[in-house]
Amino acid sequence: IRVTGSGASGFGESAVRFDSGINAMTSLAVRYCILEAEAANGNSAILAITGGNAMSGVTVEENLIRSTGSSATNCRAYGVYVAATGTNLSIRNNVLNQFAWGGMNLSATFPTAQIYDNDIYHTAPVTQPSANAFWGIKFATAGMAGSLLYNNFIHDIQLTNGSSSVIGIYLENGNSSGTRVKVYNNLVSLG
């Protein structure tokens, strides 16, 4: 699935987007796909999972998820962006490459999510639309209690913006009570 269009206005959007804005959604899966997109729009991702109603049974596995370029006008912000509420989220065995701001941005409420065996990297230097931190995987919410983040390989991140920091795994708002997020057996090789 390829979404094309470049330019500062961000014509290309998500190759796949699940949005539970109207109704709850169950048993969602993206498997065995090549997902590509291009655009400078930093508000979405090649695969986006969003919405205000509950989701259950979301699986993303065995996909190649990538931007089609590496310049500020054709490189998507994220490979996978999750900003939804639900249960049973699994993101596993995916290859993600060529993103301006991060491989995965998990700004969601999915307790006990499992994120594992993903390969996140750049194939060439990436120019960000604006200087911003880059992360391989970011948990940007306290709503991921009990989640497991393991066996991921984050490597060869290359940015042309020398002032941008690079973070392999970023737990921005880890939960301070309840079951902790467990991060183990990941390999991060930056530079």
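Which strand is Lys138 found in? Lys138 is found in strand E12, which covers residues 134–139. The model described here is predicted.

## Lys138 and its surroundings

Lys138 has a relative accessible area of 10%. The limit for a buried residue is under 20%, so Lys138 is classed as buried. Its side chain makes a polar contact with the side chain of Glu172, at 3.3 Å.

Glu172 also appears in the list of residues in contact with Lys138 once neighbours within four places in sequence are left aside. That list is made up of Met104, Asn105, Leu106, Tyr170 and Glu172.

## Gly168 and strand E15

Gly168 is found in strand E15, a strand that runs over residues 166–171. Gly168 and Lys138 are 30 residues apart in sequence, and their C-alpha atoms are 8.4 Å apart in space. Is Gly168 buried or exposed? Gly168 counts as buried, at 7% relative accessibility.

Residues up to four places away in sequence are again not counted in the contacts of Gly168. What remains is Trp135, Gly136, Ile137, Ile154, Val188 and Leu190.

## A nonpolar patch on the surface

Val188 and Leu190, which Gly168 touches, also belong to a nonpolar surface patch together with Val166. The area of this patch is about 200 Å². Val166 lies in strand E15. With 32% relative accessibility, Val166 counts as partly exposed. A residue needs over 30% relative accessible area to be part of a patch, so Val166 passes this cut-off with its 32%.

## The parallel sheet

The model has an open sheet of seven strands, with parallel pairing. The order of the strands is E1-E4-E6-E8-E11-E14-E17. Strand E1 (2–3) and strand E17 (187–189) are the edge strands, and each of them pairs on one side only. In general, strands of a sheet pair through backbone hydrogen bonds, either parallel or antiparallel.

How many bridges join E1 to E4? Two bridges join these strands, which run parallel. Arg2 has Glu36 as its bridge partner in E4.

## Salt bridges

Side chains of opposite charge can pair when their charged atoms come close. The count of salt bridges in this model comes to five. One of them joins the side chains of Glu36 and Arg66, with 2.6 Å from N to O. Glu36 lies in strand E4 (residues 34–37) and Arg66 in strand E6 (residues 64–67), so this salt bridge ties together parts that are 30 residues apart in sequence. Glu36 counts as buried at 12% relative accessibility, while Arg66 is partly exposed at 26%.

Another salt bridge is formed by Glu61 and Arg31, with the closest N and O atoms 2.3 Å apart. Because Glu61 lies in strand E5 (residues 45–61) and Arg31 in strand E3 (residues 25–31), this pair also ties together parts that are 30 residues apart in sequence. Glu61 is buried, with a relative accessible area of 10%, whereas Arg31 is partly exposed at 38%. Arg31 and Glu61 are linked with Arg92 in a network of salt bridges. Arg17 and Asp19 form a salt bridge as well, and their closest N and O atoms are 3.8 Å apart. Arg17 is partly exposed, with a relative accessible area of 47%, and Asp19 is also partly exposed, at 40%.

## Positive phi values

Most residues other than glycine have a negative phi. Ser27 has a positive phi, near 55°, and is not a glycine. Ser27 lies in strand E3. With a relative accessible area of 65%, Ser27 is exposed.

Where is the place of Gln98? Gln98 sits in the loop between strand E8 (95–97) and strand E9 (102–106). Its phi is near 70°, a positive value in a residue other than glycine. Gln98 counts as buried, at 4% relative accessibility.

Terms used
Residues are numbered from 1 along each chain as its sequence is written. This is a predicted model: local features need pLDDT of at least 70, side-chain atom pairs count only at pLDDT 80 or more; totals for chains, interfaces and linings use all residues. Side-chain values use heavy atoms; hydrogens and water are left out. A salt bridge is a side-chain nitrogen of Lys or Arg within 4 Å of a carboxyl oxygen of Asp or Glu. Buried means under 20% relative accessible area, exposed over 50%, partly exposed in between (1.4 Å probe, protein chains only). Helices (H or I, at least four residues) and strands (E, at least two) are DSSP runs, numbered from the N terminus. Two strands pair if DSSP finds at least two bridges between them. Patches are made of residues with over 30% relative accessible area and no salt bridge: like charges are joined within 9 Å, nonpolar side chains (Val, Leu, Ile, Met, Phe, Trp, Tyr) within 5 Å. Accessible areas come from the Shrake-Rupley method with a 1.4 Å probe; for residues, only the protein chains shown count as cover. A polar contact is a pair of N or O atoms within 3.5 Å; within protein, one must be able to donate a hydrogen and the other to accept it, and residues adjacent in sequence count only if both atoms are side-chain atoms. Contact means heavy atoms within 4.5 Å.
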